[in-house]
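Subject: Handover of a predicted model

Dear colleague,

Please find the structure below, with my notes on it after that. I would be grateful if you could read the two side by side.

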Amino acid sequence: MLRYIIKRVLMMIPVIFGVVTIVFFITAITPGDPAAQILGPSSTEAQRAELREELGLNRPILVQYGSYLKNLVLKGDLGTSYIRKAPIAKEIAERFPTTFKLACYSMILAIVIGVPIGILSALRRYSWIDIASMSFSLVGVSIPNFWFALLLILVFSVKIGWLPAIGISSPAGWILPVIATSVASLAQIARTTRSSVLETMNMDYIRTARAKGQKESVVVFKHMLKNAVIPILTVCGLMFGMTLGGQVLIESIFAIPGLGKYMVDAIMSNDYPCVQSSVLYLSVVFSVVSLIIDLLYAAVDPRVRAQFKSGKPKKIKATAKA
Amino acid sequence: MENLLQIKNLTVHYNMETSVVEAVNDISLDIKRGETLGLVGETGAGKTTTALAIMGLLQKARAEIISGEIFLNGESLLDKSAKAMQKIRGDKVSMIFQDPMTALNPVLTVGEQIAEVVRLHEKCSRAEAAARAKEMLETVGIPSYRYKEYPHQFSGGMKQRVVIAIALACSPDLLIADEPTTALDVTIQAQVLELMKEQIQKRDMSVIMITHDLGVVAEICDKCAVMYAGEIVEYGTVEDVLDYPTHPYTRNLLNSLPSIDGEIKKLQPIEGAVSDPTNLPPYCSFQNRCKECMERCTEGNPKLVEVAPGHWSKCFQHYKESEAEK
Amino acid sequence: MSKIHTPAMDKAEQKRQKFQKRRSTPFTDGWRRLKKNKLAMVGLVIIIVYAVIAIFPSLFTSYSYVTQDYTSLFAPLSRDHLFGTDNLGRDIFTRVIYAARASLGISLLSVAVSLFFGGVLGSIAAFYGGKADDIIMRFIDILQSIPGTLLAITLAMALGKTVVSLMLALGISTIPPYAKVVRAAVLTAKDRQFVEVSKCLGANDRWLITRHMIPNSLGPIIVQTTFGIAAAILMISSLSYIGLGIQPPTPEWGSMLSDGKQFLQMGTAWPMTVIPGLAILIVSFALNVLGDGLRDAFDPRLK
């Protein structure tokens with residue numbers, strides 16, 4: 001098992017390397033002269049040339065890529081902000097905990113509410129509970145999360161005045177951002193849980209459990225859920241990625257000093273390296289979360305464990321309907 | 001001997017979207033204590049539906065019991081509450097399902113799955129249940145150290161042994177085995193059948209052996225009931241039915257099988273197809289395939305007639321003398 | 001005609017007669033199932049209305065989306081201004097109507113981009129298998145380990161703040177699901193008998209892919225595309241909201257929301273925030289409902 005985990009962690013390296021490469025080359029195709037961006041319109045051509053020399057922008061792209069990689073791997077150096085001239089790695093590290101906290105809170109909320117709703121809907125299929133919760137989930141997956149955030153502010157801050165519209169200085173400040181961020185994942189998790197439970201429901205082993213004289217509640221919780229959980233886990237992983245991306249707007253709306261707001265600010269001021277580095281950082285976090293999800297499969301399903309032991313991991317086909 | 005199970009005039013339909021499947025039509029059956037009944041018929045003859053009706057496991061959404069009663073030890077099963085049925089299932093009546101590949105829960109160890117049924121019906125501790133489960137594994141020929149293994153680590157035959165262990169764990173009064181060997185390789189079939197035979201002989205239980213394999217019936221059963229299109233067309237002791245078949249369908253069925261004793265005969269397939277179960281005729285369902293069919297066969301549905309003591313057949317051919325009574 | 005007659009039989013018989021006369025192919029069957037799904041049909045109607053509005057916006061409003069009227073800023077809902085006016089006195093109804101055009105056009109084009117690249121990559125991977133499959137799918141995995149929104153943001157920034165770059169950014173960042181769907185569909189189709197037959201008759205690879213595999217894997221692709229358009233519409237508005245993508249004065253729902261945000265604290269300005277978002281919600285809801293319906297219709301396993 002441990003050997004498998006190590007192996008999987010090592011397998012992540014080429015993926016992260018690939019992400020770094022993709023993100024770097026996206027940066028490289030960016031039109032315009034970074035030096036002009038940094039120095040502003042009033043700079044002279046000589047000044048720009050000097051800065052280009054200094055930043056190594058004159059070198060061939062592959063050489064730049066090499067030194068970028070070298071700095072990244074050896075020093076954890078993500079480059080320098082065009083605008084503030086500050087090391088990006090440090091800026092990101094300061095902001096990341098807030099972003100991570102918001103993502104985790106939203107995911108917890110989404111799972112704690114979404115999974116039970118999905119189970120209930122599947123068990124009471126076509127009942128009013130099912131119809132109501134699936135309609136809400138449909139709205140949940142369709143609603144633009146940033147608009148939902150604006151609506152929440154409009155209702156709970158502007159009209160009723162219960163909760164702060166911006167900032168997370170008080171715990172109450174977290175409430176609206178967490179709700180706004182979790183709505184899509186909550187809806188998607190509820191939908192996936194429902195369809196996964198429905199699929200498991202008709203399995204032969206469920207009939208076997210009933211033939212033993214097992215109580216309905218135990219049939220559901222012991223026999224069905226353990227089998228239905230893999231697609232749910234899969235969708236939780238996917239939703240975590242979506243949450244990280246979706247937070248970009250939510251954070252800027254609620255003025256939460258996290259990576260998302262950092263990115264939006266950087267987009268507004270054309271501070272490319274900051275954007276690229278944030279994307280890189282969040283992608284790595286997402287990869288780690290995906291890895292954890294993969295390992296969780298093994299915790300619930302002995303067949304996956306067996307593949308782990310034999311050292312031949314096979315991608316589990318998720319029935320998640322995204 | 002007293003009757004353990006009585007089925008009286010059971011009719012079960014499946015209400016599908018654009019059709020109604022008449023799966024079981026007015027069947028009556030008695031099974032005595034310690035008796036093994038072979039329930040024979042083609043796919044779709046209503047064997048499994050009958051079994052599920054006894055278990056109380058018919059799909060609620062689709063299946064409808066139109067009429068009939070089922071008694072176990074004189075108690076009506078169809079009148080029992082869901083809770084009361086849970087107490088009976090697995091304890092008094094248990095069932096072996098056809099496909100061992102999917103009948104076991106993939107995420108629980110086989111031991112847990114056997115211990116589960118013990119824990120449900122017998123007041124005992126976890127440890128005792130586990131001990132019983134290990135005992136059961138040995139009984140069905142699996143070394144008890146495999147208790148902690150998962151279904152995917154077992155072959156098909158081994159899985160079916162586990163399923164048998166689950167079914168036998170609480171020493172049921174009635175065991176329903178729904179084609180227990182059909183999904184297995186031929187060589188494994190013999191082993192599993194041997195195991196079942198041994199257990200049936202050892203225990204004082206009644207068995208309904210659902211199968212389309214007459215060889216299995218000859219080997220294991222005391223009585224035999226032949227089903228066709230949801231009806232029992234012939235019923236009697238195994239010797240009566242297999243050696244002196246009286247219903248045209250049974251005769252056809254026997255002729256369509258290769259003989260094992262080396263007698264070389266030309267096989268005679270049964271021509272035509274089973275009547276559409278969503279549109280059964282109001283007369284004899286076998287009429288359209290029957291070589292011995294007569295004019296009156298389309299006039300009404302014959303009843304089971306006792307052709308010899310304890311040997312019943314559902315055909316107008318036997319109506320000669322008793323006809324006047326009708 | 002039965003042993004025992006039950007009321008359920010009459011009901012079933014009526015239904016059967018209703019359906020018996022019709023021709024039955026996978027597509028007519030699917031369409032029939034879809035038609036029975038009322039919610040999906042509501043979705044379809046909304047989408048048709050949306051498409052008409054997007055193509056002929058001038059039929060629905062007499063205002064121009066750029067006309068500013070400083071005499072009526074933040075006007076409330078009225079007969080003149082159905083949804084009121086914004087901070088520059090522009091008619092919100094008109095702007096929402098015209099914004100449909102941008103969001104429909106770009107979402108369709110971006111989905112076409114991802115469908116094209118995803119389709120090519122997916123079918124090559126599935127058709128040739130082995131090394132090609134490994135390399136392509138590894139690339140897709142890497143692409144997928146960057147959260148979609150973030151990849152789109154990076155690309156949109158790198159390509160510049162134009163409509164074309166927005167379309168490409170969205171298209172490229174959503175390649176993975178299409179590649180996977182097409183790959184799975186082609187793999188399934190590959191095993192089917194008629195492909196073998198065609199091969200024996202000497203058909204070449206391109207013929208096999210375009211004439212046999214793609215038509216036979218159309219169902220899941222249509223479903224994915226429907227969901228994809230919904231996702232693209234959400235993404236376009238997100239990107240426009242943060243200033244990437246469609247630039248003013250061209251109206252776009254996301255950038256309208258971004259304008260509205262500044263006046264959120266002002267009680268009378270609520271239509272600026274509520275209306276454009278509602279438009280996004282309705283269209284994406286309709287597409288999701290239709291997608292669900294299509295999936296159930298073409299893959300009736302769960303029905």
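How many residues of domain 1 of chain B are in contact with domain 2 of chain B, and how many residues of domain 2 take part? Before I answer, some conventions. This is a predicted model, in which local features need pLDDT of at least 70 and side-chain atom pairs count only at pLDDT 80 or more, whereas totals for chains, interfaces and linings use all residues. Residues are numbered from 1 along each chain as its sequence is written, and chains are lettered from A and ligands numbered from 1 in the order in which they are written.

**The two domains of chain B**

The answer is that 14 residues of domain 1 of chain B are in contact with 15 residues of domain 2 of chain B, where two residues count as in contact if their C-beta atoms, placed from the backbone, lie within 7 Å. The domain bounds, which come from an automatic or database domain assignment, give domain 1 as 3-92 + 172-318 and domain 2 as 101-171. The C-alpha centres of domain 1 of chain B and domain 2 of chain B lie 29 Å apart. On the side of domain 1 of chain B that touches domain 2 of chain B, the largest share, 6 residues, comes from helix H7 (residues 186-202) of chain B; helices (H or I, at least four residues) and strands (E, at least two) are DSSP runs, numbered from the N terminus. By class, that side of domain 1 of chain B divides into 9 nonpolar, 3 polar and 2 charged residues, with Ala, Val, Leu, Ile, Met, Phe, Trp, Tyr, Cys and Pro counted as nonpolar, Asp, Glu, Lys and Arg as charged, and the others, Gly among them, as polar.

**Chain A as a whole**

Chain A has 13 helices and 0 strands, and its C-alpha atoms fill a box of roughly 85 × 60 × 30 Å, taken along the principal axes. Of the 322 residues of chain A, 45% count as buried, a residue being buried if 20 or more other C-beta atoms lie within 10 Å of its own, exposed if 12 or fewer, and partly exposed in between, with C-beta atoms placed from the backbone. Among the contacts in chain A with a separation of 6 or more, 71% are accounted for by residues 24 or more positions apart.

**H11(A) against H12(A)**

H11(A) and H12(A) pack at an angle of about 155°, with their axes 9 Å apart; the axes are lines fitted to C-alpha atoms, for helices over the stretch in contact, and angles run from 0 to 180 degrees between N-to-C directions. H11(A) and H12(A) are therefore roughly antiparallel to each other, given that angles under 35 degrees count as roughly parallel, over 145 as roughly antiparallel, 65 to 115 as roughly perpendicular and the rest as oblique. The residues that make the contact include A:Leu259, A:Tyr262 and A:Met263 of H11(A) and A:Cys274, A:Val275 and A:Ser278 of H12(A). By class, the contact of H11(A) with H12(A) has 9 nonpolar, 1 polar and no charged residues.

**Where chain A meets chains C and B**

The contact between chain A and chain C takes 46 residues from chain A and 37 residues from chain C. H12(A) gives the most to the side of chain A that touches chain C, with 9 residues, and that side has 32 nonpolar, 12 polar and 2 charged residues.

Towards chain B, 20 residues of chain A are in contact with 25 residues of chain B. Here H9(A) gives the most to the side of chain A, with 7 residues, and the residues of that side divide into 7 nonpolar, 5 polar and 8 charged. Since 6 of the 8 residues of H9(A) are buried, H9(A) is largely enclosed by the rest of the structure. The buried residues, among them A:Tyr205, A:Ile206 and A:Arg210, pack against H8 and H10 of chain A together with helix H1 (47-55), strand E6 (93-96) and helix H3 (100-103) of chain B. Just after H9(A), A:Gly213 takes a positive phi of about 90°.

**Two residues of chain C**

C:Ala156, in helix H6 (residues 148-159) of chain C, counts as buried because it has 26 C-beta neighbours inside 10 Å. C:Arg192, in the loop between helix H8 (175-190) and helix H9 (193-200) of chain C, counts as exposed, with 12 such neighbours inside 10 Å.

With best wishes
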